[in-house]
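I opened the model today to look up charged pairs, the strand order of a sheet and some backbone angles. My notes follow in the order in which I looked.

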Amino acid sequence: MAYKFKKQIFGFMDLLRFKKLVPNRREKLAAGSAKSLPVTYRVNETAKILHPGFQRAKLVEVILNTSDTKTYIFACERPFYFRAGQYLTLGCKVGNSYVSRPYAISSAPKAALERKVALTVKKCGFFSGYLFDHAKTGDEFTIGDPSGEFCFEPLKDSKNVLALAGGSGITPFYSMAQSIADGTSDFSLTILYGAKTEEDLIFKAELDALVSDKIKVVYVLSNEEKEGYEHGFIGEELIRKYTSGDFTVMMCGPQAMYAFADKELKAFNLPLRRIKKEANCVGVRDV
């Protein structure tokens, strides 16, 4: 049976509109401004800040935090944006080879908009050893785009975050604490910070200065007992002592701490989405 085509009045109207398409377009073009298009747009400028790509950075200050940890402050070519808890790659030429490694950002996100960024590095490998022993103010490096998902997520996380930090794993939490203090982030942060001795604590004075109704810091020493500090390891007892109700756990530190914390957290029956681990914790990566 042959198909019978039915004429539709609306299809006819479409043909009339199509016939007028070219004249209408010419009319609009004739009425347009002769002013040149802008060289750049706001969206392009925003994109440059959000995704600056690799850029040069000059080392402007080196701070000795502990016997094996230093903070390196860089002045960058361009402003950029990052979220508290992220890391970036730092690289330079060592001998005849170009070497780069990822390091957690210890400064506040606001500082990056002013072209400043700080990385805190523990001496534990080839490149970190080079930085610790040889990097000096005035040296030039290359930094990459901020990366990582170790950040507070308002849609997924509880407004109460329990941070479990071990050694130099305090770095991303120090950045978070600064972002809460300056109003960039809005959540409550309780940090249980474990170290062997008081001398091994990084940013203690800076963290103490940030303590508020939204920021609490508890120091836990495993190798010595001192007044004002908890003693032992970060486990179920300490977690119950300093937090309650619904909370998100974020942990950053050595693998041994992760293994121990996993066992201790079973008592809280937290859903998996409530537990985050930083994959770029300190460890021996160079052989």
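**Entry 1: salt bridges**

I began with Asp 68 and Lys 122, whose side chains meet in a salt bridge with 2.6 Å from N to O. I then placed both partners: Asp 68 is in the loop between β1 (55-66) and β2 (69-76), while Lys 122 belongs to strand β5 (residues 116-122), so this pair ties together parts that are 54 residues apart in sequence. I keep in mind that the model is a predicted one.

I looked up how open to the outside each partner is, and found that Asp 68 is partly exposed, with a relative accessible area of 24%, and that Lys 122 is also partly exposed, at 28%.

Next I turned to Asp 186 and Lys 159, which form a salt bridge whose closest N and O atoms are 3.2 Å apart. Asp 186 sits in the loop between α5 (171-181) and β8, and Lys 159 in the loop between β6 (140-143) and β7, so the pair ties together parts that are 27 residues apart in sequence. For accessibility I noted 43% for Asp 186, which counts as partly exposed, and 45% for Lys 159, which counts as partly exposed too.

I also checked Lys 136 and Asp 139, joined by a salt bridge with the closest N and O atoms 3.3 Å apart. Here I wrote down that Lys 136 is exposed, with a relative accessible area of 52%, whereas Asp 139 has 17% and counts as buried because the cut-off for that class is under 20%.

Besides such pairs I found a network of salt bridges that links Arg 56, Glu 77 and Arg 78. For the whole structure I noted 15 salt bridges.

**Entry 2: the sheet**

In what order do the strands of the open sheet lie? I read it as β10-β9-β8-β7-β11-β12, which makes 6 strands, and the pairing is parallel. The edge strands are β10 (230-231) and β12, each of which pairs on one side only.

I followed one pairing in detail: strand β7 (residues 160-166) and β8 run in the parallel sense and pair over 7 bridges. Within these strands I found Ala 163 standing opposite Ile 191, which is in β8.

I then looked for a helix packed on this sheet and noted α8, which lies across β7, β11 (248-252) and β12 and runs at about 160° to β11.

**Entry 3: backbone angles**

I went through the phi angles last, bearing in mind that most residues other than glycine have a negative phi. Phe 203 has a positive phi of about 65° although it is not a glycine, and I located Phe 203 in the loop between β8 (188-195) and α6 (204-210).

Asn 269 is likewise not a glycine and has a positive phi, of about 50°; I found Asn 269 in the loop between α8 (255-265) and β12 (275-277).

Which of these loop residues is buried, and which is exposed? I noted that Phe 203 is buried, with a relative accessible area of 6%, whereas Asn 269 is exposed, with 68%.

Definitions and conventions:
Residues are numbered from 1 along each chain as its sequence is written. This is a predicted model: local features need pLDDT of at least 70, side-chain atom pairs count only at pLDDT 80 or more; totals for chains, interfaces and linings use all residues. Side-chain values use heavy atoms; hydrogens and water are left out. Helices (H or I, at least four residues) and strands (E, at least two) are DSSP runs, numbered from the N terminus. Buried means under 20% relative accessible area, exposed over 50%, partly exposed in between (1.4 Å probe, protein chains only). Two strands pair if DSSP finds at least two bridges between them. Contact means heavy atoms within 4.5 Å. Axes are lines fitted to C-alpha atoms, for helices over the stretch in contact, and angles run from 0 to 180 degrees between N-to-C directions. A salt bridge is a side-chain nitrogen of Lys or Arg within 4 Å of a carboxyl oxygen of Asp or Glu.
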